[in-house]
Amino acid sequence: MNTPAIETFDLTRRFDDLVAVDKISLRIEQGELFGLLGPNGAGKTTLINMLSTMIPPSDGRAEVWGIDVRANPSRVRQNIGVVFQGTTLDDKMTGRENLDLHGRLYGLSKNLRKQRINEVLELVELGDKAEVLVKTYSGGMMRRLEIARGLMHHPRVLFLDEPTLGLDPQTRNHIWDYIKRLNREENVTIMLTTHYMEEADQLCERIAIIDHGSIKALDTPENLKNALGGDVVGLGTENESQASVLCDLYNKNGSAGNVHYKDSNVLITIQDGTHQIPHLLKLAAEAGITILSVDLHRPTLDDVFLSHTGRDIRMEETSDMDRITYKLQGRRR
Amino acid sequence: MTSQISGFKQNTLTSMNTVYTLWLREMIRFRRSKSRIIGSLATPMFFLVILGTAFNSSFQMKGGTGQTDISFLAPGIIGMSILFSSLTGGVSIIWEREFGFLKEILIAPVSRFFVALGKALGGVTTAMIQGTLIMLIAFALGVEYQSYLGMVASMGVMLLIGLGFIGLGIALASHIESHEGFQMIMTFITMPVLLLSGAFFRIGDLPSWMKILVYLDPLTYGIMALRFTLIGETEIPINICLAVLVFFAATTIGLGGYMFGKAKV
């Protein structure tokens, strides 16, 4: 049996009173493209920081390619590449110089550096920008260069922390292509964090839904969605209390499926949703609840997330723009 | 036994490689920042020309050895420039933290001590280039040095001063998280260290309370050593100067490497 690429056993990290990562045990096989999906503050970055030896665990243990992160951090570092959330490039140097510096730090010989720089630049299609100062790069180009740099030393595992945060949709699609390609062509195991549903859905082979420091669900996106069973029926009512009443009614009437409400909307996951709608409308009418809208769709990862955490990940995205604005301001001297 | 030796050799090679890499980075960045080079030369030149002229015409230095005042002042100005650029070089770690690059270094499988050492050597090289340029410009402006050998020897003194203050800068920067802190350092360390060092005056006639402070200032010994090598005058014996400078450099570099090793991202 192969050594897993990453394996954790009750891995825990506390910051004072806050438990950022709470007894996470997971196993990621070699060559996987694995996603950690969760809102900001769920503990994704802390988990990656522990796996990449940036911070020590408070409890439990973790192995990367069979090497214990606490006992042998230096050997772990040789075997991993990390792309952090914010940029970590030297913007007063050219793309090639940044890559060369990285190669030197990882002890690559001169010939190997030269060869490798050209390979990774080609992979992220930055060959024509290699001799240009990084400060003239766009956000997407910087992210690509950073991914390229993380690959310079042929890591076995590549960690990507929010690889498309703050990028426009088109650039995001491009980055996804690069990530898929390097997972395939460079045969590197990838663990990425994201709070974008589409990213987890389209990019990752398996995802772990993480919230409040622990894993709520772990499977392929397809299985997670199928596990919800059938369709999602959404009913819009006038207010939250009506939604709550309708939920109770639905449960009391012994109906199958999984029911939630959020704000004034009721969401029911159920087999054969089309035939449930009349029943629901009848229940609502009897209780004197006005239904403003009806919606029926196949479950998305949003529904999966909601059913496992009772919260909507999209609520968290509003704060996203604030964070980016803050980061950009921080960059100005 | 053999494997131990080859392991040691391997480690030494890796460490030297780390030091060289970080040094190289400083050199690449220095070459790019032409405005920084010019700026770093302009300030000392203003001091030398304006202060030198003013000293010359407004009052006569007591106990002089026949040197003109601008010649007396030149070693002080060179020392000042080394102080500024080496401290700045050390605390530049604060910028690196703020702009993220520090993470790239800290995640690499290399010893942080040697990272700090490489950065220090890079910063010192920059400081020495600036100090040497000032020495030569001052020479062109009419400053009289005692010998060419002395001029070369003064570069060794610049190295020691630079290492001492860059180590101090790295040690401080490893625990300062913001650039507000950086401003504090610049004000509360640079100015007293510079003004107490005897860069602008002779220390023999000072009141005794101030003399104590002057003797506690490591830069004093640097300025005296520079003056000794360049114009053959010093108020503290040269071997004491050198001993203090070596001790200061070794202590702060050791401290800087240690503190940087414990620095948080």
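**Exercise 1.** Which residues in helix 3 of chain B meet residues in helix 6 of chain B, and which are their counterparts? Describe also how helix 3 and helix 6 of chain B are placed relative to each other.

*Solution.* The model examined here is a predicted one. Begin with the residues: on the side of helix 3 of chain B they are Gly79(B), Ile82(B), Leu83(B), Ser86(B), Leu87(B), Gly89(B), Gly90(B), Val91(B), Ile93(B) and Ile94(B), and they meet Met158(B), Ile161(B), Gly162(B), Phe165(B), Ile166(B), Gly167(B), Leu168(B), Gly169(B), Ile170(B), Leu172(B) and Ala173(B) in helix 6 of chain B. Sorted by class, the residues of this contact divide into 14 nonpolar and seven polar, with no charged residue in the contact of helix 3 with helix 6 of chain B.

Turn next to the geometry, where the axes of helix 3 (residues 69-98) and helix 6 (residues 148-173) of chain B come within 7 Å and cross at roughly 30 degrees. Angles under 35 degrees count as roughly parallel, and the crossing angle therefore makes helix 3 of chain B roughly parallel to helix 6 of chain B. The handedness of the crossing of helix 3 and helix 6 of chain B is right-handed.

**Exercise 2.** Determine how helix 3 of chain B is oriented towards helix 7 of chain B, and list the residues through which they meet.

*Solution.* The first step is the angle: the axes of helix 3 of chain B and helix 7 (residues 179-195) of chain B cross at roughly 165 degrees and come within 11 Å. Since angles over 145 degrees count as roughly antiparallel, helix 3 and helix 7 of chain B are therefore roughly antiparallel to each other. Helix 3 of chain B passes helix 7 of chain B in a right-handed crossing.

The second step is the list of residues, in which Met80(B), Leu83(B), Phe84(B), Leu87(B), Val91(B), Ile94(B) and Glu98(B) of helix 3 of chain B meet His179(B), Phe182(B), Ile185(B), Ile189(B), Thr190(B), Val193(B) and Leu194(B) of helix 7 of chain B. By class, this contact of helix 3 with helix 7 of chain B has eleven nonpolar, two polar and one charged residues.

**Exercise 3.** Work out the domains of chain A, and then describe the six-stranded and the four-stranded sheet of chain A.

*Solution.* Chain A is divided into domain 1 (6-224) and domain 2 (229-298), and 41 Å separate the centres of these two domains of chain A, taken over C-alpha atoms.

The sheet of six strands in chain A is open, with the strand order 6-7-8-3-9-10 and mixed pairing. Strand 6 (80-83) and strand 10 (214-219) of chain A are the edge strands, each of which pairs on one side only, and the twist averages 15 degrees from one strand to the next. Helix 5 (residues 139-151) of chain A packs on this sheet, where it touches strand 6 and strand 7 (157-161) of chain A, and its direction makes about 165 degrees with that of strand 6 of chain A.

Follow the sheet to its strand 10 edge, where five bridges join strand 9 (residues 206-211) of chain A to strand 10 of chain A, and the two run antiparallel. Within this pair, Ile209(A) stands opposite Ala217(A), and Asp211(A) stands opposite Ser214(A). Strand 9 and strand 10 of chain A form a hairpin with two residues between them, and His212(A) in the turn has a positive phi of about 50 degrees.

The sheet of four strands in chain A is likewise open, but its order is 12-13-11-14 and its pairing is antiparallel. Its edge strands are strand 12 (258-262) and strand 14 (293-297) of chain A. Strand 12 and strand 13 (residues 265-270) of chain A pair in the antiparallel sense over five bridges, and Lys262(A) has Asn265(A) as its bridge partner in strand 13 of chain A. Helix 9 (residues 240-252) of chain A lies across strand 11 (231-236), strand 12 and strand 13 of chain A, running at about 170 degrees to strand 12 of chain A.

**Exercise 4.** Describe the contact between chain A and chain B, starting from the number of residues that each chain gives.

*Solution.* Chain A gives 20 residues to the contact and chain B gives 17 residues. On the side of chain A that touches chain B, the elements that give two or more residues are helix 2 (73-79) and helix 3 (95-105) of chain A, and the largest share, four residues, comes from helix 3 of chain A. By class, this side of chain A has eight nonpolar, seven polar and five charged residues.

Conventions: Residues numbered from 1 in each chain as written. Chains lettered and ligands numbered in written order. Predicted model: local features only at pLDDT ≥ 70, side-chain atom pairs only at ≥ 80, totals over all residues. Contact = placed C-beta atoms within 7 Å. Nonpolar A, V, L, I, M, F, W, Y, C, P; charged D, E, K, R; others polar. Pairing = 2+ DSSP bridges. Axes fitted to C-alpha atoms, helices over the stretch in contact; angles between N-to-C directions. Domains from an automatic or database assignment. Parallel < 35°, antiparallel > 145°, perpendicular 65-115°, else oblique. Left-handed = near helix turned anticlockwise from the far one by under 90°.
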